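Trainee: Could we go through this model together, taking its sheets, helices and empty spaces in turn?

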Amino acid sequence: MSHDSRTAPRICPLCEATCGLTLTIEGTTVTGARGDRDDIFSRGFICPKGASFGGLDADPDRLRVPLVRGDDGELREAAWGEAFDRIAARMPDLVKAHGPQAVGVVLGNPNVHTMAGSLYPPLLLGALRTRNVFTASTLDQMPKHVSSGLLFGDAHAIPVPDLDRTDHLLLIGANPLESNGSLCTAPDFPGRLKALRRRGGTLTVIDPRRTRTARLADRHVAIRPGADALLLAALAHTLIDEKLADPGPLAEHLDGLDELATALADFTPEAVAAACDVDADTITAIARELAAAPTAAVYGRIGSCTVEHGTLASWLVDVLNILTGNLDRPGGALFPLSATARAPRAAEPGTRKAAPGKGLALGRWSSRVSGHPEAKGELPIAALAEEIDTPGEDRIRALVVIAANPVLSAPDGDRLDAALADGLDFMVSVDPYLNETSRRADVVLPPPPPSQSAHFDFAFNSFAVHNQVRYTRAAVPLEDGRMDESEIHARLILAVSGMHGAPPSAVDDLAVDTALTRAGAPKELAAGLTGESGPERRLDLMLRLGPYGLTLEQLLAHPHGIDLGPLKPRLTEVLRTRSGRVELLPDPIAADLPRLRRALGDRPAPLVLVGRRHLRSNNSWMHNVGSLTGGSNVCTLQIHPDDAARLGLADGDTARIESSGGGIEAPAEITDTVRSGVVSLPHGWGHSRPGTRMSVAAAHPGANVNQLLDGTLLDPLSGTAVLNAIPVSVTPAH
């Protein structure tokens, strides 16, 4: 380390694990990143993404100034003032001429990895008053939000497995050794699973691939893709039928236990065995093991969400936790309590009595073209293209895209790309890169690199396996010519709402005033808030109003975090159903069960496709970091040796994959880690479109697996695109 080097703490923003980092900085350049051993949550753990922080931060392809489309149709660099002037000149007039539904908003996953992306989009939606909201949730986690909303009355009340205390963990459709966890914030997930094994616990993994996680398991069940809900239903049936179900203290909070037994009567292990390709004895054994374990937790993720019955599978995960008495108890699945939670403060978690709430209403409005019902205020992102390119009243004519790349991440990117190019009057992107989607924008607003931004995990602390709170200010001063991400969002809100020219602080002041009103807190509290910026003042307020009564000053005094203790039972605090009880068999779920029952007789396709995660990647937005390319982070079609021999494919051959949405080509990787009848391609690739400025990604483009999908196949309850268990044909490419 040179004489002008220094170190600074930073929470890693590159996946849901939120590990603490120690950055080495020379001047204003991040030259290294290592795990922060003093971090109260991650204890020094780091993965390859975190270690690459400096490379991502200094990526020369990151945009530094706005881009504005000129009269010649080309994007050119522009001053910040010109960029916001352009937005203010176009967007309000479009809304005035065509109404608020002429505007669509697309929010990508990276938003929940930044303070600005968490704080400002709700204010933008309020300013635009549009119902055309599309997010990455309908490509991954919306089934869990819907099932939680129906069970508990709050779409954000998602229980997480108590990894550090459970005796038995059942994972379905999850590969946390590669993903680092999802809707379960757990630094060093691999270490926590190994600790489970060391203390004599049991790990069961249900996955059609023998993943790194599956190789660690006591029992790996190679299920037929897409059959997750059937298998889970059979487990629940077995618990009930063999009188192994014992909700314990939960019983007084449950509605519908008898109705549940009737609804699941047809899903016996024998009935589902053929559809799951899992023998009945194995299903029965898993159910008995869950019931016999002192404590147990069932955890399902992307693989069980992005299938035809994703919401039913997500619901059944919690049904199993409830039937075994493991919901809301240590060692089972518990509801975290973040420092900025809006729940009323109580003397102790769980002491608030359950009371009726509003519950979760689905289908309050529908999409214009196909009539897809909304879920949690969102429409399926798979429907975005048709909402732009189908003529008619309320057609989307303008789009605001924030940290999203749906041309790659949503089904049928070719149609969406054409719609963005030819069907819009105006488009704004907030993005650090000129990527496959932002290249179609009229204005591109680039946020600064992460070292120049403060960080607080509003979303992920709500899914953390241990209650804690951490905040880090920017490690490096904002570079000349750049604009803070929060100011970009605030100015965007002012520009679209007809308040262009007002100070950005006006947006934060309005947010503070609104929060005080909703909390019933005295307005005088605003004068005592501390912080160097509007976002810091808002964070300070949320902490003060939160369940622990903390302040920003306390967080700043503890740069490695504050330990708020292990998760505790608090079901009665989170229940918001209309009955004030856990509704085990909500009407929308009951109405969808016949569809699952019909699946018992389905004949499986000869070959189906599933996705896969890479430890050195995160969807489509980390493929431009040179240090993360290669190794296992490659876009290959994994195929079982028996299937490869039958199809005439050798390792390394180019394979042609076709399905309802089209065809793509990828190198074949022959491996017995996938079961026969299954092929696997990773998500987020396809960086081959012209007009982007991502040189590393373009040199390793890969194939866009989502181009195989036409976007018509959705989980009906959540609107989530079916990305797994897709029937495909595979042939050698010519």
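**Strands, helices and spaces**

Mentor: This is a predicted model, and a good place to begin is a single residue: Arg656 has Thr731 as its bridge partner in strand 29.

Trainee: Which residue stands opposite Arg656 in strand 24?

Mentor: Strand 23, residues 654-659, pairs with strand 29, residues 729-732, in the antiparallel sense over 4 bridges. Strand 23 also pairs with strand 24, residues 662-670, again in the antiparallel sense, over 6 bridges. In that second pairing, the residue opposite Arg656 is Glu665.

Trainee: How many residues lie between strand 23 and strand 24?

Mentor: Strand 23 covers residues 654-659 and strand 24 covers residues 662-670. The two strands form a hairpin, and the number of residues between them is 2.

Trainee: Turning to the open sheet of 7 strands, what is the order of its strands?

Mentor: The pairing in this sheet is mixed, and one of its pairs is that of strand 6, residues 103-107, with strand 15, residues 398-402, which run parallel and are joined by 5 bridges. Within that pair, Val103 is opposite Ala398. Across the whole sheet, the strand order is 5-4-17-16-15-6-7.

Trainee: Why is one side of strand 5 and of strand 7 left without a neighbour in the sheet?

Mentor: Strand 5 (75-77) and strand 7 (133-135) stand at the edges of the sheet. One side of each is left without a neighbour because each has a single partner strand.

Trainee: Which helix lies across strand 15, strand 16 and strand 17?

Mentor: Strand 16 covers 426-430 and strand 17 covers 443-445, and the helix that lies across them and strand 15 runs at about 160° to strand 16. The helix spans residues 485-496 and is helix 19.

Trainee: In the open sheet of 4 strands, which are the edge strands?

Mentor: The order of this sheet is 11-10-9-13, with parallel pairing. The strands at the edges are those that pair on one side only, namely strand 11 (219-221) and strand 13.

Trainee: Which residue of strand 10 stands opposite Ile172?

Mentor: Strand 9, residues 168-172, and strand 10, residues 202-206, pair in the parallel sense over 5 bridges. Opposite Ile172 in strand 10 is Ile206.

Trainee: At what angle to strand 11 does helix 13 run?

Mentor: Helix 13, made of residues 280-292, lies across strand 9, strand 10, strand 11 and strand 13. Its direction relative to strand 11 is given by an angle of about 135°.

Trainee: Are helix 20 and helix 21 roughly parallel or roughly antiparallel to each other?

Mentor: The axes of helix 20 (residues 505-519) and helix 21 (residues 534-545) come within 9 Å and cross at roughly 10°. Angles under 35 degrees count as roughly parallel. Helix 20 and helix 21 are therefore roughly parallel.

Trainee: How many nonpolar residues does the contact of helix 20 with helix 21 have?

Mentor: Helix 20 contributes Asp508, Asp509, Ala511, Val512, Ala515, Leu516 and Ala519 to the contact, while helix 21 contributes Gly534, Pro535, Arg537, Arg538, Leu541 and Leu545. By class, 4 of these residues are charged and 1 is polar, and the number that are nonpolar is 8.

Trainee: How much space lies in the largest cavity?

Mentor: A search of the whole structure finds 4 cavities of 30 Å³ or more. The largest cavity is lined by 14 residues, with Lys144, Pro159, Val298, Tyr299 and Gly300 nearest its centre. Strand 8 (160-161), strand 13 (297-300) and helix 15 (310-323) each supply at least two residues of that lining. The space in the largest cavity is about 100 Å³.

Trainee: How many charged residues does the lining of the second largest cavity have?

Mentor: The second largest cavity holds about 50 Å³ of space, and among the residues that line it are Cys12, Cys15, Cys19 and Lys49. By class, 6 residues of the lining are nonpolar and 2 are polar, and the number that are charged is 1.

Trainee: Which residues lie closest to the centre of the second largest pocket?

Mentor: The second largest pocket has about 540 Å³ of space, and helix 12 (269-276) and helix 24 (587-598) each supply at least two residues of its lining. That lining divides into 17 nonpolar, 5 polar and 7 charged residues. Of the 29 residues in the lining, the closest to the centre are Arg224, Pro225, Gly226, Asp602 and Pro604.

Methods: Residues are numbered from 1 along each chain as its sequence is written. This is a predicted model: local features need pLDDT of at least 70, side-chain atom pairs count only at pLDDT 80 or more; totals for chains, interfaces and linings use all residues. Side-chain values use heavy atoms; hydrogens and water are left out. On a 1 Å grid over the protein atoms alone, a cavity is a set of points where a 1.4 Å probe fits but cannot get out, and a pocket is an open set with protein on both sides within 12 Å along at least five of seven lines; lining residues have an atom within 4 Å of a point. Grid points are joined across faces, edges and corners, and a volume is the space filled by probe spheres set on the points. Ala, Val, Leu, Ile, Met, Phe, Trp, Tyr, Cys and Pro count as nonpolar, Asp, Glu, Lys and Arg as charged, and the others, Gly among them, as polar. Two strands pair if DSSP finds at least two bridges between them. Contact means heavy atoms within 4.5 Å. Axes are lines fitted to C-alpha atoms, for helices over the stretch in contact, and angles run from 0 to 180 degrees between N-to-C directions. Angles under 35 degrees count as roughly parallel, over 145 as roughly antiparallel, 65 to 115 as roughly perpendicular and the rest as oblique.
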